[in-house]
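Got the structure open in your viewer? Let's take a short walk through it, one selection at a time.

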Amino acid sequence: MDSYTRRGFIRRSMEGAAALGLSVAGKPSPLAAASHNLVPQGTPNPAQSGPARPAKLEVTRDVVRKQFTGVGFHTEMFLDSSTDDFFKQVTAKRWRELNPRFARMWHSWAPGKPGTRDPQALDALARQLLYMKENSNTVAYVTTSGLKDTVSKEDNLAYARAVVDDLEYLRNKGATNLKYYCCTNELSLDEWASLHNDLPRFQQYQQYIYNEITRRGLEIKLLATDASPISYWGTIEWAAQHMDDITGVYGGHHYINRHAPDDLAFYDWFKGKCEWAVGIARAKGKDFILGEFGPAQYQVLKYGIRWDTCKYFGTAREPLAGLQLAEAAIAAVNAGVYGMGYWTFMDYPDEKGRGYINHWGTFKWMTNDAVTRAPYYSYGLLTKFFRGPATVFRVNTGDEMLRAAALQHDEEGTWSIAVVNRERREVPLTISLPGSNRATAFRKYVYSAQNVPVTEDGDLQEPEGKVALHGNELTDTLKTSSLTLYTTAYDDEPPAPVKGLEVKRIHDTRLAGWPTAANLVKWTPSTATDLCYYRVYHHGVRIGSTVANEFVDAGPTVGSQSGYSVVAVDRSGNASQS
């Protein structure tokens with residue numbers, strides 16, 4: 001994406017945000033306020049007069065779960081569909097900043113030929129797994145998107161060998177972060193979820209694959225049952241009773257179709273369902289993965305193409321959907337899930353012949369300027385700071401309008417605490433932590449459904465400041481209808497200034513037949529061990545971001561080779577001097 005397009009992206013991100021009711025440059029939007037003022041369902045609307053009652057959250061010593069893996073995504077990076085620039089300047093940059101520890105991905109066969117390897121798709125999956133392993137230490141779960149309809153024992157054996165051939169190929173490529181596999185998405189065979197009515201056949205597929213994995217000694221566990229929605233989670237109980245010997249982990253999906261974004265009954269309901277599934281898995285000494293989830297679905301035939309997206313995207317309720325998504329993640333964390341993946345990290349490409357539109361991403365595809373959506377700034381905070389390995393502790397809120405989760409990162413001993421305030425007013429808050437703690441100030445990040453913090457170039461929002469820890473308590477005020485994240489998982493030391501900046505005039509030949517004048521900006525790679533990405537400026541105006549140490553500016557200002565500067569940004573969000 002050249003700098004002219006990037007400038008357009010930044011401008012259109014802001015304009016699009018305003019149109020959707022998000023905040024722009026810190027200004028509240030009337031549409032966001034209208035969304036916020038909807039009367040919640042399921043619980044009486046709280047009184048609006050007078051100050052809110054002070055709340056106290058107690059992070060207890062009670063362990064919900066050890067070795068929590070993380071909040072993450074179903075992720076397709078579409079390495080064969082995007083340009084190299086888009087990957088470096090958008091996909092990779094945002095993945096590194098959101099830093100998810102858990103991911104779910106597709107394994108696919110040659111088009112129309114289940115059981116036949118697709119070398120290009122398999123290689124792309126390998127590259128994606130390796131990128132995640134090297135850049136975010138992401139634990140991966142893979143499921144096949146097209147299950148072959150086998151008719152004999154020989155077919156089953158051959159199909160199992162084909163599956164494990166591909167899994168072994170990925171592991172041999174170095175993708176040792178591939179830990180879990182399921183033979184089919186959401187129990188689908190000929191039609192969606194058709195194996196829900198034939199679980200012995202699902203068991204048969206998994207058994208043959210298990211036998212082959214075991215024979216080859218691959219360290220990959222099978223997942224059962226990948227069912228969706230919660231009304232199909234009874235299949236997990238069946239699997240625990242009939243195929244636990246070949247099952248390494250349990251998992252299911254859910255979309256929040258029956259609870260509006262302002263439904264206050266949703267949190268307790270969803271937490272209870274996740275606790276039920278976790279309980280089944282734990283009774284067998286196993287974990288439970290929430291493999292795919294999201295707000296309400298919008299599925300319709302439109303313009304002769306099937307559309308699949310969140311029904312609230314592009315509406316005044318998008319900010320509240322972002323808040324509900326964070327609420328769902330907090331419920332799952334408190335229920336003791338192992339890991340979870342929101343559908344999806346980014347939109348699918350609108351490619352001719354794909355047959356459907358899939359617009360679920362926290363940001364849009366390249367041809368739609370990669371504009372961020374509200375969940376990027378709510379759920380993204382959780383992927384960044386609720387990552388494992390970590391220990392989750394029980395939180396007592398004493399307030400039915402607050403939902404909170406807390407974890408301590410196992411390696412650093414740092415804390416991250418997330419609090420959703422469903423009150424329609426500010427709430428004074430005190431949080432107490434167990435035992436004696438270092439007097440480290442917590443950074444405070446805020447997502448407000450009334451004032452979504454849309455940022456330039458899709459950066460996560462800056463912290464609103466720090467909250468000091470006095471003894472074992474911190475005191476603050478929660479904004480109305482908000483997610484507030486407190487963390488000590490940061491440092492204050494910015495990277496060293498970028499050195500070796502060079503600008504050279506080139507003929508940009510990336511697009512065949514369209515050579516154009518451009519400036520190639522290069523610099524010496526930063527030596528910061530926690531480098532995240534670079535921001536590129538021209539005369540003080542930001543023209544892009546990248547994970548590479550070069551940037552091609554083919555915008556309208558290429559007549560000048562002066563005025564460029566580059567800033568390095570680390571994982572804590574600290575920026576170097578320009």
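Which residue in S3 does methionine 105 stand opposite? Select methionine 105 and look across: the residue facing it in S3 is valine 142. Keep in mind as you go that this is a predicted model.

Now show the two strands around that pair. S2 covers residues 102-107, and it pairs with S3 in the parallel sense over six bridges. To see how the chain gets from one to the other, add helix H4 (residues 119-136): S2, H4 and S3 make a right-handed β-α-β unit.

Stay on S3, residues 139-144, and turn on its side chains. Six of its six residues are buried, with less than 20% relative accessible area, so the strand is largely enclosed by the rest of the structure. Check each face in turn: Val139, Tyr141 and Thr143 are buried on one side, and Ala140, Val142 and Thr144 are buried on the other.

Next, select strand S4 (residues 178-182), which runs parallel to S3 and is joined to it by four bridges. Here tyrosine 141 stands opposite tyrosine 180. Bring in helix H5 (residues 153-172) and you have another right-handed β-α-β unit, made of S3, H5 and S4.

Last stop: valine 249, in strand S6 (residues 249-256). Among the residues valine 249 touches is Tyr180, along with Leu222, Leu223, Ala224, Asp287, Phe288 and Ile289. Try a distance label too: the C-alpha atoms of valine 249 and leucine 222 are 6.5 Å apart, although 27 residues separate them along the chain. Is valine 249 buried or exposed? Its relative accessibility is 1%, so valine 249 counts as buried.

Methods. Residues are numbered from 1 along each chain as its sequence is written. This is a predicted model: local features need pLDDT of at least 70, side-chain atom pairs count only at pLDDT 80 or more; totals for chains, interfaces and linings use all residues. Side-chain values use heavy atoms; hydrogens and water are left out. Helices (H or I, at least four residues) and strands (E, at least two) are DSSP runs, numbered from the N terminus. Buried means under 20% relative accessible area, exposed over 50%, partly exposed in between (1.4 Å probe, protein chains only). Contact means heavy atoms within 4.5 Å. Two strands pair if DSSP finds at least two bridges between them. A crossover is right-handed if, with the strands pointing away from the viewer, the path from the first strand over the helix to the second runs clockwise. Lists of a residue's contacts leave out its neighbours within four places in sequence.
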